[in-house]
Amino acid sequence: MENMEQNQGTFQRQHQQDLKLSEVAGYPRTFDPNFKGPVAKRSCTDVLCCIIFILFIIAYILLGLVAWVHGDPRRVAYPTDSKGHFCGQKGTPNENKTILFYFNLFSCTSPSVVVNLQCPTTQICVSKCPEKFLTYMEIQFMYRTNKHYWMYYSQFCKSPFVKPAKTVTQVLLDDDCPMAIFPSKPFLQRCFPDFTTKNGTLTVGNKTIFEDGSGKKRNAIELRRAANRVNKILDARAIGMKVFEDYATTWYWILIGLTIAMLLSWLFVILLRFTAGFLFWVFMVGVIGIIGYGIWHCYQEHSNLQGRPNSHLTIYDIGFQTDISMYFQLKQTWFAFMIILCLLEVFIILMLIFLRERIRISIALLKEGSKAIGYLPTTLIYPVLTFIFLSICIAYWAVTAIYLATSGVPIYKVISPERTCKHENTTCNPEIFNTTEIARVCPGAQCNFAFYGGKSLYHQYVPTFQMFNLFVFLWLINFIIALGQCALAGAFASYYWALKKPDDIPQYPVFTAFGRAIRYHTGSLAFGSLILALIQMFKLVLEYLDHRLKEAQNNISKFLQCCLKCCFWCLEKMVKFFNRNAYVMIAIYGKNFCRSARDAFNLLMRNVLKVAVMDKVTDFVLILGKILVAGCIGVLAFLLFTHRLPMMIEGPTSLNYYWVPLLTVIIGSYLVAHGFFSVYAMCIDTIFICFLEDIERNDGSAERPYYMSQSLLKILNEPSMQTKKH
């Protein structure tokens, strides 16, 4: 007992010396010495910001209602023909015509496709795609012997004809029918050529050479080259279908993996209370072992590729490929993965060596945090509430964005295949286009549907409304996160400032802290989240400008843009750190955001050495826990999806890309673990700030006792003793 009192006295004297130095440096203390815990009697803070926030929410709701009135999501769900009519819409002549058909696919290689995002050819709605090769000239001859051929061909014309009486020239001028049809298959409700490979030769409908309807011979390679823009969609179709098949095969295994990740995270959170030190070294050994297994696997794959043809090629040699599996056939890919994992392994080992003493302190803090969570188990359920709120915001933003994007009436523009028409991109009326001067001056030009818009005041400001939609979305997302942090901080602060634990802990601390944050501090939370939303909005604007002006930039502008991105990234991280601590001070004292942020900053600066010891090292421990959960589930999923566990359990068979469900399981498991460990992180941050307040306000005497536990005082006393000796 005497040694404990002596340690307390030594610690208090050392801390008072540190405080005097910090006050000289410009970080004064301002507090009520009679403070006994989170303030119960409060008043509303940052009322002006609260009013502005509520007005923005009302405007956001009104925007959603206006977008709902003017928008039409069917314009996203259904393809649109050249006249702006929906394909497959019920109650219309196109109800049974659900697929979009292109008259001349060769014209889709026109440069205007890049500018207008529209293929300069007539597009109509059909009930099915062509299944055979036919040209208009062939139909004219076949009609004399069998009218059935014309009945089949006419379904791909704009309007029904009794017989093919028009000449080829008239058909070209009037654009009534396609000059030729090719075997096609529907994808995304659009007809695309049915490309197949037969004995290494590209074919269309088992043909390599065919007529294009204008008297020219074409081959499958030429068609694929001519439809270069469509090829990307076709490649995406192949990958998309394979990915969909993989998800359809493994969806229940993915759910099982996420459920195991949730149970494993919960188990770790519970065990941290009793075996924090043991679990930490389990984390360490587990992470090092998982990375080591990854290094071994990369080495094995690299060795297996020795002597295989083309395995010596580099990623630069093969360029960009939509078939991701091609990269895994290169030795360079596995060598790069092995080097990255080796560097990560060395980094973690060095961190363990040089931070071993600080990690020991962090383990003790984890034990104290787990004790608090043990008294407040409802805090582990709060991430579910945050997830629900975030899901609602994301869904509302997405729906509003879709309705805004589909607002307006069909707008038609002149599109010329060769972009030689001076009226290119001008608006037109498809009903009378063939009788106008433009059709005579620009032969071959089309009046096709371009987009939805209008000339009203609402339609002119749709882009602005989209920006407003994005900004309020970011504001709401940051507000929900801030609300969760403040509510959890209030609950954990009530635990810390209870002198007799758990008898003095108030009932329903999470519910009480949540209600207090909503009732009194909505304005302060909105203020902090507004600052963060503005920074994130500027980052998105920079990304947008970088994407749009990428080709027009020089080296200097690229360098300046990289500097701006780096500055905003650092600013965002710094603001998140100060906001988090400001919310803790708001939960404890109930002051406004600026006052709380200033007090938190001064408090941390007065104890900067302790902050350096506790904050990042503890975060490092929790991050390792997340990696271990995701890594364990990832290893099991990898062994399952690659059939490495045939004796224990039979996994899904015939996967196209095993890494698709594997990445889904790993990322999902990490997010699940993040939800649980984020509660721990908030708990430790709150306890640490409360501890700093405790040692500044109290001296451990009978009149002013410490609220911290004796074990926590011993943990944080040792660094101060060592500092004094040095």
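**Exercise 1.** What should the 24 residues of helix α13 (residues 382-405) span at 1.5 Å a residue, and how far apart are its end C-alpha atoms?

*Solution.* This is a predicted model, in which local features need pLDDT of at least 70 and side-chain atom pairs count only at pLDDT 80 or more, whereas totals for chains, interfaces and linings use all residues. Residues are numbered from 1 along each chain as its sequence is written, and side-chain values use heavy atoms, with hydrogens and water left out.

Step 1. Helices (H or I, at least four residues) and strands (E, at least two) are DSSP runs, numbered from the N terminus. The expected span of a helix is 1.5 Å times one less than its number of residues.

Step 2. For α13 the expected span is therefore 34 Å. Its end C-alpha atoms lie 35 Å apart, which agrees.

**Exercise 2.** Describe how α2 and α13 pack against each other.

*Solution.* Step 1. Axes are lines fitted to C-alpha atoms, for helices over the stretch in contact, with angles from 0 to 180 degrees between N-to-C directions. Those of α2 and α13 come within 8 Å and cross at roughly 45°.

Step 2. Angles under 35 degrees count as roughly parallel, over 145 as roughly antiparallel, 65 to 115 as roughly perpendicular and the rest as oblique; α2 and α13 are therefore oblique to each other.

Step 3. The crossing is left-handed, meaning that the near helix is turned anticlockwise from the far one by less than a right angle.

Step 4. Contact means heavy atoms within 4.5 Å. Y60, I61, L63, G64, A67 and W68 of α2 meet Y396, W397, T400, Y403 and L404 of α13.

Step 5. Buried residues have under 20% relative accessible area, exposed ones over 50%, and partly exposed ones lie in between (1.4 Å probe, protein chains only). Among the buried residues of α13 are T400, Y403 and L404.

**Exercise 3.** Which residues have the most contacts inside the largest nonpolar core?

*Solution.* Step 1. A nonpolar core is a set of buried Ala, Val, Leu, Ile, Met, Phe, Trp, Tyr and Cys residues joined through side-chain atoms within 4.5 Å.

Step 2. The largest has 110 residues, and I373, F492, Y496, L525 and Y680 have the most contacts inside it. Helix α16 (residues 462-496) gives the largest share, 20 residues.

Step 3. A separate second core of 18 residues includes I99, F101, C129 and L134.

**Exercise 4.** Where does Y508 lie, and is Y508 buried or exposed?

*Solution.* Step 1. Y508 belongs to the loop between α16 and α17 (509-548).

Step 2. Y508 is exposed, with a relative accessible area of 63%. Its phi is positive, near 45°, although the residue is other than glycine.
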